[in-house]
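Welcome! Please take a moment to look over the sequence and the 3D view, and then follow this short briefing alongside them.

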Amino acid sequence: MSNEVLRLKIQFLLEPCMIDLIFKDTNFTNFWYCLDTKKFELVEQLKKDICFKIFKNTSTDYKSISILIDNFEVPSFESTRIFRDNDLIQICLKAKPQLSKKRKFFEPLKENKKPHLEENITEVTSEKTVQIVKPFEAALIGTSMIKHLDPNKIFENKKCFFKSISGGRISDILEFVRKREGFFNDCKFICLTCGSNDCDSYNDIQTTIQRCIDLATYLHSKYPKSILIFNELIPRLKTKYIDLDLFEKRRLCFNNFLNSSLKIIASCQIVKHEEFEDKSKLDFLLSDGVHISPNNAVSKYIQDIKNVLKS
């Protein structure tokens with residue numbers, strides 16, 4: 001594949017009954033789209049091109065489609081530079097297609113006509129639930145440790161971006177934010193929880209620390225106006241790859257690095273979770289020995305972050 005072309009995997013979120021009615025070919029529900037990097041343009045142009053190539057004539061107006069990445073709508077005024085090679089792009093219809101009128105009762109049924117589809121041509125294509133949050137004013141990104149957190153309870157009255165990467169390591173977080181370059185331009189806060197899965201791995205602690213430095217310096221350079229917030233790692237009751245004692249030594253070393261060095265390197269705020277340091281409470285605070293209990297601990301974790309925001 002030429003460096004002058006990006007491949008985008010296009011996936012349509014569409015009611016099955018509409019496929020034969022609006023597509024030139026049913027294979028167009030999932031296909032590869034080649035984006036010419038020599039002529040990066042607005043997403044508006046991408047919509048027009050897709051409509052021209054795959055929809056039947058006059059069946060659908062390009063203004064009626066939404067382009068999504070990770071269930072977030074990309075505005076028409078955004079540049080296609082936001083996409084990366086092999087990105088999965090989802091498309092849904094915001095309004096019903098402008099299809100042909102219903103067959104009159106005296107009109108003979110044409111050959112190969114599908115009456116069960118003909119009856120549905122005036123129905124509105126159901127739109128998938130999409131959270132439109134551009135521009136983002138705050139972001140909460142991390143591993144599955146934050147999967148039960150509601151960012152709107154942390155960053156009140158702000159449009160929030162949220163991403164929890166199950167099993168994610170710091171390198172996965174860095175790859176994710178690099179692919180979404182520009183998504184966080186207007187974020188006042190970028191809050192991160194990462195490092196636990198790195199500590200519970202065969203990587204040494206210095207590798208984990210270096211990857212955290214890479215992540216923090218990247219975010220600081222790309223979003224200098226944003227306040228970076230890193231959460232200290234909380235203890236675990238069990239591990240997957242290494243002994244629990246070794247994990248605990250790495251965790252403490254990582255937290256010490258956050259407080260002593262990272263604050264200087266990337267000018268960030270560090271959130272302490274002191275109640276989680278009481279090992280006698282972990283059975284109560286952790287739902288499975290690893291993740292924060294949605295009932296017993298999420299509110300405490302959130303309050304620790306809010307305390308830093310107020311300071």
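How many bridges join strand β1 to β2, and do these strands run parallel or antiparallel? Strand β1, residues 5-13, is joined to β2 by seven bridges, and the two run antiparallel. Keep in mind that this is a predicted model. The points below take you through two sheets, a pair of helices, a cavity and an aromatic pair.

**The mixed sheet**

- Five strands make up an open sheet, and their order across it is β2-β1-β5-β3-β4. The pairing in this sheet is mixed.
- The edges belong to β2 (30-36) and β4 (72-73), which have a single partner strand each, so one side of each is left without a neighbour in the sheet.
- To follow the pairing of β1 with β2, find Leu6, whose bridge partner in β2 is Leu35. You can also look for Leu8, which stands opposite Tyr33 in β2.
- Strand β1 is also joined to β5 (residues 88-93), here by five bridges, and these two strands run parallel. Leu13 is a good place to look, since it stands opposite Cys92 in β5.
- As a general reminder, strands of a sheet pair through backbone hydrogen bonds, in either a parallel or an antiparallel way.

**The parallel sheet**

- Another open sheet of five strands has the order β7-β6-β8-β9-β10, and its pairing is parallel.
- At its edges stand β7 (160-165) and β10 (268-271); each has a single partner strand, so one side of each is left without a neighbour in the sheet.
- Neighbouring strands of this sheet are turned by 15 degrees against each other on average, direction ignored.
- Within this sheet, β8 (residues 189-193) pairs with β9 (residues 227-231) in the parallel sense, over four bridges. Cys191 stands opposite Ile229 in β9.

**Helices across the parallel sheet**

- Helix α7, residues 205-222, lies across β8 and β9 and runs at about 160 degrees to β9.
- Helix α10, residues 298-310, lies across β8, β9 and β10, and its angle to β10 is about 145 degrees.

**The cavity**

- The structure holds one cavity of 30 Å³ or more, and the volume of the largest cavity is about 30 Å³.
- Which residues line the largest cavity? They are Met145, Thr193, Ser196, Glu232, Leu233, Ile234 and Tyr301.
- Sorted by class, this lining has four nonpolar, two polar and one charged residues.

**Aromatic pairs**

- Searching the whole structure turns up 11 aromatic pairs.
- One of them is formed by Phe136 and Phe183, and this pair is tilted, with 5.8 Å centre to centre and 40 degrees between the planes.
- Phe136 sits in the loop between α3 (115-118) and β6 (138-143), while Phe183 sits in the loop between α5 (170-179) and β8, so the pair ties together parts that are 47 residues apart in sequence.

Definitions and conventions:
Residues numbered from 1 in each chain as written. Predicted model: local features only at pLDDT ≥ 70, side-chain atom pairs only at ≥ 80, totals over all residues. Heavy atoms only, no water. Pairing = 2+ DSSP bridges. 1 Å grid on protein atoms, 1.4 Å probe; cavity = no way out; pocket = protein on both sides within 12 Å on 5 of 7 lines; lining within 4 Å. Points joined across faces, edges and corners; volume = space filled by probe spheres on them. Nonpolar A, V, L, I, M, F, W, Y, C, P; charged D, E, K, R; others polar. Axes fitted to C-alpha atoms, helices over the stretch in contact; angles between N-to-C directions. Contact = heavy atoms within 4.5 Å. Phe/Tyr/Trp six-rings, centres within 6.5 Å; stacked < 30°, edge-to-face > 60°.
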